[in-house]
Amino acid sequence: MAWSDIEWADGSAPSPADPSRHLIARGGFGAVYRASLRGLGPVAVKVLDMEGRIAAKRLRQVGSECRNQLRASAHPNVVSFVGLVMDEATGRVGLVSHLAEGGSLYDAMMEEPTDAWARLDPVAKLRSLLGAVAAVAHMHAIGVIHGDVKPRNVLLAMPVEGGGEPVCLVCDFGLAKTIGTVRSSVRRSALTSGMDADGGTVGCMAPETSARNEVAAASDVFCLALVVWSGLTGDEAFEGVHDVATYKLLVNDNGLRPDLGALPSGCPDGLADLLARCWAADPSARPSAACMVDELTRLTMLGVSGGGDAGSPAL
């Protein structure tokens, strides 16, 4: 696969003069663009920021990101990795994945004016979100920590308006680590600005990551519970908190957690208790991602709360 195999809708690739052309999203490590791959169809191309002194570090990270996503792609709720391309003329490096036509969970939560995600039954939302939890559980089983679980890194396979329950897909393995090789090193400059760092994103980060720069499977679990809460309520877990000092004060020192009372009527009994356990300050007290899958599966099969006024048994 070569850079020349990438085809752009209007025949023009993104450029420094027009960086927003075909743009899907921009993050701390580069930008993701919509394109087509000759012989395959629509794809997402993550073009890495390779400028200046950071280029060498990016190149070292590329191999790890590709390996981790390729291994995880065996799960149906992980965005499938297609391959790596390099533009020898410009030095650009791109990671090619299958395109998730529905955009991110974050965008679906905030979508106007249709609010198609918001209109879903809470149990239907939970069944969709269960796919993302199962994907991370699979990663942990094969020895991979995602390291940046958040609503922007959960994609929808198709637009919600397309009918049926949305399929959630986990994406972006730029911060993924192999269990046993995780380093306790987070770039403070990135953390204080709220950008992606070696340990996640401020606003969707486990307490041990913000306090001690630690990233583990239990850290993913903490963040998965934030994603589930956000997906059900339509709100950001810690809206407006973008710097690590404030995050530590609120989440670590004051024990702030999302309001479980904000979960919508119709959520299964026991869900609030599960999320609370996932948010335990002590990582060892949290359930594993595999346990989350088991409990969420049971809860969705039981259906809605007996005291709720919406919906009917999920299955």
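Let me start with helix α9, where Ala289, Met292, Val293, Glu295, Leu296, Leu299 and Thr300 are buried, and please keep in mind throughout that what we are looking at is a predicted model. An α-helix has 3.6 residues a turn, so residues three or four places apart point the same way. The buried residues of α9 pack against three other helices, namely α3, α6 and α8, and I will come to each of these partners in turn. As for the length of α9, its 14 residues should span 20 Å at 1.5 Å a residue, and because the C-alpha atoms at its two ends are 20 Å apart, the expectation and the model agree.

The partner I would like to take up now is α3, which covers residues 122-141. Here too the length can be checked: with 20 residues at 1.5 Å each, α3 should span 28 Å, and its end C-alpha atoms are indeed 28 Å apart, so the two values agree. How many of the residues of α3 are buried? The count is 18 of the 20, and therefore α3 is largely enclosed by the rest of the structure.

Both ends of α3 have a detail that you can find in the structure in front of you. At its start, a side-chain oxygen of Asp121 comes to within 2.8 Å of the backbone nitrogen of Val123, while after the helix there follows Gly143, with a positive phi near 90°.

Now to the way in which α3 and α9 meet. Their axes come within 8 Å of each other and cross at roughly 160°; since an angle over 145 degrees counts as roughly antiparallel, that is how the two helices are described relative to each other. The crossing in which α3 passes α9 is left-handed. On the α3 side, the residues that take part are Val123, Leu126, Arg127, Leu130, Val133, Ala134, Val136, Ala137 and His140, and they meet Ala289, Ala290, Met292, Val293, Leu296, Thr297 and Thr300 on the α9 side.

A second pair of helices deserves a similar look, and it consists of the other two partners of α9, α6 and α8. The axes of α6 and α8, the latter being residues 271-278, lie 8 Å apart, and the helices pack at an angle of about 145°. Which residues make this contact? From α6 they are Val221, Phe222, Ala225, Val228, Trp229 and Leu232, and from α8 they are Leu271, Leu275 and Cys278. As with the earlier pair, the handedness can be stated, and α6 passes α8 in a left-handed crossing.

Staying with α6, which runs over residues 217-233, I would point out Thr233. Thr233 counts as buried because its relative accessibility is 18%, and the cut-off for that word is under 20%. A polar atom of the Thr233 side chain lies 3.2 Å from the backbone nitrogen of Asp235, and, if we leave aside neighbours within four places in sequence, Thr233 is in contact with Ala262, Leu263 and Pro264.

Before α6 comes a loop that connects α5 to α6, and in it we find Asn213. Asn213 is not a glycine, and yet its phi is positive, at about 60°; with a relative accessible area of 15%, Asn213 is buried. Asp172 is another non-glycine residue with a positive phi, in this case about 65°, and its place is in the loop between β9 and β10. Is Asp172 buried or partly exposed? Its relative accessibility is 24%, which means that it counts as partly exposed.

From that loop we can move on to strand β10, where Lys177 lies. Lys177 is buried, with a relative accessible area of 14%, and a polar atom of its side chain is 3.2 Å from the backbone oxygen of Leu175. Leu175 also takes us to a distant part of the sequence, for its C-alpha atom is separated by 8.7 Å from that of Gln61, although the two residues are 114 residues apart along the chain. Gln61 itself lies in helix α1, residues 55-72, and is buried at 19% relative accessible area.

To close, a word on the chain as a whole, which has 9 helices and 10 strands. Of its 315 residues, 51% are buried, and among the contacts with a separation of 6 or more, 65% are between residues 24 or more positions apart.

Technical notes. Residues are numbered from 1 along each chain as its sequence is written. This is a predicted model: local features need pLDDT of at least 70, side-chain atom pairs count only at pLDDT 80 or more; totals for chains, interfaces and linings use all residues. Side-chain values use heavy atoms; hydrogens and water are left out. Helices (H or I, at least four residues) and strands (E, at least two) are DSSP runs, numbered from the N terminus. Buried means under 20% relative accessible area, exposed over 50%, partly exposed in between (1.4 Å probe, protein chains only). A polar contact is a pair of N or O atoms within 3.5 Å; within protein, one must be able to donate a hydrogen and the other to accept it, and residues adjacent in sequence count only if both atoms are side-chain atoms. Contact means heavy atoms within 4.5 Å. The expected span of a helix is 1.5 Å times one less than its number of residues. Axes are lines fitted to C-alpha atoms, for helices over the stretch in contact, and angles run from 0 to 180 degrees between N-to-C directions. Angles under 35 degrees count as roughly parallel, over 145 as roughly antiparallel, 65 to 115 as roughly perpendicular and the rest as oblique. A crossing is left-handed if the near helix is turned anticlockwise from the far one by less than a right angle, and right-handed if clockwise.
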